[in-house]
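Got a fold on screen and not sure where to start? Let's walk through it feature by feature, question and answer style.

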Amino acid sequence: MTLNSIGKWIYKVASRLTMALLSPLVLYGFHPASLKKAAGIVLDKPGKRSYDSPSSFRVILLLQTFSKIMERIINSHLACAAQVMGLLNPHQCGSLAGLSVVDACNTLTHEVRTLQMDKRKVFTLCRDIKGGFNNVNPFTRCRMLTTKGVSQYIVCWTCSFLLGRACRLLCQGSPKVFSPMSVGTAEGSPISLLLFVLYVARLHIEIPYDLTLF
């Protein structure tokens, strides 16, 4: 039986005990070092012409069960704070409870049809942020949360979660040792999507409808 299996079994039969053990860690904003080590599965990115470059692959971390429980707790707290404090762009749909890509598509369709009914020409500009998860700077992320007035325990836990991480790749020929990760957030973590969305929230640019192009 693996550690993850044991963790799931403990949480199933003694959820109150599990929460009692994790609550002090959340309260004092601390993520244990023992939960920061993870194995990484290397997956091919589809549609690449060549797989000679490391950028043609993505690493999904297999996080420990107790770590994921803590991450979900903080994710729910941070998501509520972000919505109340206006940290999210109003057009953000993904990674938020009750919203999805379908909502984004419906909103875009509505805007386009409304403008077309007014005999206007409509253009859609799409941006793709490559390597977003890999380039989340822990210090910048925590400084942004502090500046926005997020609760100190959430800021401290986020810093503790992002700093001091280590990964061991599970692929043929890879060394069986952990390597430190100084930048980025774990792809596969319950809270990573929200941290990334908050990190790039300021990149949303409002373009006026009457913009004239020369």
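What follows is a short tutorial dialogue on a predicted model.

Q: Let's start broad. How many helices and strands does the chain have, and in which pattern do they come?
A: The chain has 7 helices and 4 strands. Going along the sequence, the pattern reads α-α-β-β-α-α-α-α-β-β-α.

Q: What share of the residues counts as buried, and how much accessible surface is there?
A: Of the 214 residues, 33% count as buried. The accessible surface of the chain is about 14,300 Å², with 61% of that belonging to carbon and sulfur atoms.

Q: And how do I read the contacts in terms of sequence separation? What fraction joins residues at least 24 apart?
A: Take the contacts between residues at least 6 apart in sequence: 70% of them join residues at least 24 apart. For one concrete long-range case, look at Pro190, which lies in the loop between β4 (179–181) and α7 (192–199). Pro190 is 114 residues from Ser76 in sequence, yet their C-alpha atoms are 9.8 Å apart in space. Leaving out residues up to four places away in sequence, Pro190 touches Lys68, Glu71, Arg72 and Asn75.

Q: On to the strands. Which ones does β3 pair with, and do they run parallel or antiparallel?
A: Strand β3 (residues 165–170) is joined to β1 (residues 37–44) by 5 bridges, and these two run parallel. Strands β3 and β4 are joined by 3 bridges and run antiparallel. To find the registers on screen, pick out Ile41, which stands opposite Leu170 in β3, and Ala166, which stands opposite Pro180 in β4.

Q: How do I describe a pair of aromatic rings?
A: You use two numbers: the distance of the centres and the angle of the planes. The structure holds 2 aromatic pairs. Tyr51 and Phe57 form a tilted one, 5.7 Å centre to centre with 55 degrees between the planes. Tyr51 is partly exposed at 34% relative accessibility, and Phe57 is partly exposed too, at 27%. Trp157 and Phe161 form a stacked pair, at 4.9 Å centre to centre and 10 degrees between the planes.

Q: Where do Trp157 and Phe161 sit along their helix, and are they buried or exposed?
A: They are 4 residues apart in helix α6 (residues 152–162), so about one helical turn separates them. Trp157 has a relative accessible area of 0%, so Trp157 is buried. Phe161 is likewise at 0% and counts as buried.

Q: Which charged residues lie over rings here?
A: Arg165 lies over the face of Phe161, at 4.7 Å from the ring centre. That puts Phe161 in two features, given its stacked pair with Trp157. Elsewhere, the charged end of Lys37 sits over the ring of Phe178, 5.3 Å from its centre.

Q: How does the span of helix α4 compare with what's expected?
A: You compare the distance from first to last C-alpha with the span expected at 1.5 Å a residue. Helix α4 (residues 101–117) has 17 residues and reaches 24 Å, close to the 24 Å expected.

Q: What backbone angle should I check just after α4?
A: Check phi at Lys119, which is positive, about 65 degrees, although Lys119 is not a glycine. Lys119 lies in the loop between α4 and α5 (138–147). With 77% relative accessibility, Lys119 counts as exposed.

Key
Residues are numbered from 1 along each chain as its sequence is written. This is a predicted model: local features need pLDDT of at least 70, side-chain atom pairs count only at pLDDT 80 or more; totals for chains, interfaces and linings use all residues. Side-chain values use heavy atoms; hydrogens and water are left out. The expected span of a helix is 1.5 Å times one less than its number of residues. Rings of Phe, Tyr and Trp (its six-membered ring) pair if their centres lie within 6.5 Å; planes under 30 degrees apart count as stacked, over 60 as edge-to-face and the rest as tilted. Buried means under 20% relative accessible area, exposed over 50%, partly exposed in between (1.4 Å probe, protein chains only). A charge sits over a ring if NZ of Lys or CZ of Arg is within 6 Å of the ring centre and within 35 degrees of the ring normal. Contact means heavy atoms within 4.5 Å. Accessible areas come from the Shrake-Rupley method with a 1.4 Å probe; for residues, only the protein chains shown count as cover. Two strands pair if DSSP finds at least two bridges between them.
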